[in-house]
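Visitor: I'd like a quick tour of the aromatic rings here. Can you show me the structure?

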Amino acid sequence: MAKQRNFSCTACGNVTPRWAGKCDACGAWNTIVEEAALSSGPRPTQKGRTIPISDLATEDTPPPRASSGIGELDRVLGGGLVPASAILVGGDPGIGKSTLLLQAVASFARNGLKCLYISGEEAAAQVRMRAQRLGLQNAPVGLGAETNLRDILTTLDAERPALAIIDSIQTMWLDNVESAPGSVSQVRAAAHELVTFAKRKGVAVVIVGHVTKEGAIAGPRVLEHMVDTVLYFEGERGHQFRILRAVKNRFGPADEIGVFEMTGDGLSEVLNPSALFLSDRESATPGSAVFAGIEGTRPVLTEVQALVAPSNLGTPRRTVVGIDSGRLSTILAVLEARCGIPFTGLDVFLNVAGGMRVSEPGADLAIAAALLSAREDVAIPPDMVLFGEISLSGALRPVGQTENRLKEAAKLGFSQAVLPSRSKAGLAEGMRLREMADLTAFVGEMFGAG
Ligand code: TYD
Ligand code: MG
């Protein structure tokens, strides 16, 4: 009988019997790779055993969460580290994952947690040098450099730390999986072993995973459903700001962010991200609008920047950084269809300042304002914030946490806000509220008849 061959997508993990240039499931190109079968033994003929079934009620109190003392990290975790949880920290290579986790593990260790840091990427001496540079050489962290996961698990079982860092999953290999480290089957099998170990032995495990846009290495995407918490560490390489974002959290709110700054001696917390994201703002420039957003449980102000210029291309450019490009297309379509303001023949560039990424629909109004301001060459008043969702009919829809948004804006010295009517804003201290029902009203008021 011909050997059954298996292929899977490195981006979404979809398994297919055939190689293809494009993944049927997620549409990504050049991500299908062959993988070895997980186990080639005979099919088990034994019956399974019955598993114990218990009630939902429990007398056990949940063990307390451990605090790292790094406030930005604790908040993203949902209020500290949950014992026996499995956490995936993903991000581009070189973005600072190892730095962050070395600082975190040192912090946890200094708070009395037994911690191990296992590096598969760097030699122990390299990690020690980094620790020295970060001033962490005296933290009571156990350090290991190994890529054989079987040996690592045996060591963890003997040492029984409260927290173990595995840096990174792409370097780990299991001897019963035939393919190379970094392949989908190795990554998946290794993560499965680690997650199972975490649950069974009560060891919290942090798994580091590199994401590559090309999908050349098995992305941590295939692991997202296995772990309790998925954090992504984001930022522009040229920028010093880094954002730790919870995209999944079984023990806390998703979408929470922690903001850090990469400095010469490691990552430092940014306690007031709004001030930071607005720090480089030139006042009263056409194309700039300040969005009063909510990231997780916290209000964050960001600057949306637009540039609109005549295009010499048949299909004008639509370039976006930090905002979903589909969102831009929708807003451009609504501006054209509902307000009669076309962007045909114009290149549009849209950007969120400071390397931030905005996914909230509440940003629509600020995006529209930035686009209009750039197109009309009329600056938005520098003391104005905007928020509100734009529906396809051009109506402005209220968004949540109006009060928090306004409070944060007032705190940073803004004195007027444009927001959807029916926002239930109440009275905001020192803020002039301009409630508007739809985009047409907004265009009329801000840019004349439009
Ligand atoms: P690193 O943590 O090795 O990234 P990752 O584990 O995600 O691949 O971060 C490497 C980058 O961080 C490197 O470009 C140097 C920079 N860096 C600093 O700027 N300051 C520091 O104190 C440290 C330790 C690193
Ligand atoms: Mg690293």
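Guide: What follows covers ring pairs, burial and charges over rings. This is a predicted model, where local features need pLDDT of at least 70, side-chain atom pairs count only at pLDDT 80 or more, and totals for chains, interfaces and linings use all residues. Residues are numbered from 1 along each chain as its sequence is written, chains are lettered from A and ligands numbered from 1 in the order in which they are written, and side-chain values use heavy atoms, with hydrogens and water left out.

Visitor: How many aromatic pairs are there?

Guide: Two. Rings of Phe, Tyr and Trp (its six-membered ring) pair if their centres lie within 6.5 Å; planes under 30 degrees apart are stacked, over 60 edge-to-face, the rest tilted.

Visitor: Why is the pair of Phe233 and Phe260 called edge-to-face?

Guide: Because their planes stand at 75°, with the ring centres 6.2 Å apart. Phe233 is in strand E9 (residues 229–234) and Phe260 in strand E11 (residues 257–263), 27 residues apart. Strands are DSSP runs of E, at least two residues, numbered from the N terminus.

Visitor: Is Phe233 buried or exposed?

Guide: Buried, at 2% relative accessible area. Phe260 is buried too, at 2%. Buried means under 20%, exposed over 50%, partly exposed in between (1.4 Å probe, protein chains only).

Visitor: What about Phe442 and Phe447?

Guide: They pair edge-to-face, 6.2 Å between centres and 80° between planes. Phe442 is buried at 0%, and Phe447 at 13%.

Visitor: New topic. Which ring does Arg375 lie over?

Guide: Phe343, at 5.5 Å from the ring centre. The rule: NZ of Lys or CZ of Arg within 6 Å of the ring centre and within 35 degrees of the ring normal.

Visitor: And where does the charged end of Arg405 sit?

Guide: Over the ring of Phe387, 5.3 Å from its centre.

Terms used: Helices (H or I, at least four residues) and strands (E, at least two) are DSSP runs, numbered from the N terminus.
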